[in-house]
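The following paragraphs offer a guided reading of a single protein chain. Please keep the sequence and the coordinates in view while reading.

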Amino acid sequence: ENKTYIIPTPVLNKKEVSSLTVLTERYEKLTKPGIIAKAGNKISEIIPEPIKQFGSSVKDSITEAELFAQCMKVVAEGFNLVEKQAARMTISETAIIKKINSDLIDNEITSLQEVCLARGYDISKAVESYKKQDLLLALAEGGATGYFGFAGLPFNLVLSVFLYYRAVQSIAMFYGYDVKNDSAELVIASEVFMNA
C-alpha cells in the first residue's frame, strides 16, 4: 500500500524508441494501398459499365436486402445492451495490473494511472497473451453462429460486435484507459472500435 512507483530513467529507452520506429513503418505500410487493392482498381477499370450495372442489379434483387434489414434491426436493438455489457465484462483492473506486473522487471504498478510509466514492450507482451484469448473466443463464436448459415447471421453480428468491442475496451485498459469508470475514456474506446 505504501509502494511508490519509480519513474523510469530515461522515460523512453533505446528499445522503446526502436519499437516506435518499427511501429511507424508498419503503420505507413498498412495505410498504403496493397497489391489486391491496386489489382481490384485495374480490374474495375477494365470491366465494361453495362456488365457492372447488370451485376449490381442482380445483387440487389436477391433477398439479401431483407436479411440485411433484419440484421440491422437486431444490431440496432442490441447495440446499446452490447455496449453496456462489454464495458461491464472487460477484464478487471486488478487482473490487468496483475498481468502487467508479471511482465515487469524493475517496478510494480498499483493502478491504471501508473500504466503509462511502465515500459511499452512490457505492456505489449501482456496484451499479446490476452489477444490470444480473444481470438479463440471469436473463432468459437464464428463457428457456432456460422453453423446455422444465413439464419445465424443476425446473432453473429451482435455477438461479433460484442466480442470486438469488449476486446477494444480490454486492450484500452491494458494501456491505462479506465473505460469502466471514466465515460470520456469509454467514448475514446468506442471511437477506436467504430473506426476499426
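How many helices and how many strands are there in the chain? The chain has eight helices and zero strands, where helices (H or I, at least four residues) and strands (E, at least two) are DSSP runs numbered from the N terminus. Along the sequence the pattern therefore reads α-α-α-α-α-α-α-α.

The model is predicted, and local features need pLDDT of at least 70, side-chain atom pairs count only at pLDDT 80 or more, and totals for chains, interfaces and linings use all residues. Residues are numbered from 1 along each chain as its sequence is written, and side-chain values use heavy atoms, with hydrogens and water left out.

Two totals describe the chain as a whole. Of its 196 residues, 29% count as buried; buried means under 20% relative accessible area, exposed over 50%, and partly exposed in between, with a 1.4 Å probe and protein chains only. Among contacts (heavy atoms within 4.5 Å) between residues at least 6 apart in sequence, 70% join residues at least 24 apart.

Attention may now turn to the interior. A nonpolar core is a set of buried Ala, Val, Leu, Ile, Met, Phe, Trp, Tyr and Cys residues joined through side-chain atoms within 4.5 Å. The largest such core has 22 residues, and those with the most contacts inside it are I96, I100, I109, V115, F174 and V179. Two or more residues are given to this core by each of α5 (93-103), α6 (120-146), α7 (153-174) and α8 (183-195). The largest share, five residues, comes from α7. For I100, leaving aside neighbours within four places in sequence, the contacts are I109, V115, A126 and F174.

How are α5 and α7 arranged? Their axes are 9 Å apart and the two helices pack at an angle of about 55°; axes are lines fitted to C-alpha atoms, for helices over the stretch in contact, and angles run from 0 to 180 degrees between N-to-C directions. This angle makes α5 oblique to α7, because angles under 35 degrees count as roughly parallel, over 145 as roughly antiparallel, 65 to 115 as roughly perpendicular and the rest as oblique. E93, I96, K99 and I100 of α5 make the contact with S170, M173 and F174 of α7. The crossing of α5 and α7 is right-handed; a crossing is left-handed if the near helix is turned anticlockwise from the far one by less than a right angle, and right-handed if clockwise.

The pairing of α6 with α7 has another geometry. The axes of α6 and α7 come within 10 Å and cross at roughly 175°, which means that α6 is roughly antiparallel to α7. Residues of α6 that meet α7 include I123, A126, Y130, D134, E141, G142 and T145, and their counterparts in α7 include F155, N156, L159, A167, S170 and F174.

Individual residues of this interface can be followed in turn. N156 is found in helix α7 and is buried, with a relative accessible area of 19%. Its side chain makes polar contacts, a polar contact being a pair of N or O atoms within 3.5 Å; within protein, one must be able to donate a hydrogen and the other to accept it, and residues adjacent in sequence count only if both atoms are side-chain atoms. One such contact, of 3.1 Å, joins the side chains of N156 and E141, and another, of 2.7 Å, joins the side chains of N156 and T145.

T145 lies in helix α6 and is buried, with a relative accessible area of 9%. The side chain of T145 also reaches the backbone oxygen of E141 at 2.9 Å. Not counting neighbours within four places in sequence, T145 is in contact with G152, F155, N156 and L159. T145 and L157 are twelve residues apart in sequence and 9.3 Å apart in space, C-alpha to C-alpha.

Further along α7 is A167, which is buried at a relative accessible area of 14%. A167 is in contact with Y130 and D134, leaving aside neighbours within four places in sequence. A167 and D134 are 33 residues apart in sequence, while their C-alpha atoms are 6.7 Å apart.

A last site is N13, in the segment before α1 (14-31). Is N13 buried or exposed? N13 is buried, with a relative accessible area of 16%. A polar atom of its side chain lies 3.2 Å from the backbone nitrogen of K15. Not counting residues up to four places away in sequence, N13 touches R119 and Y121.
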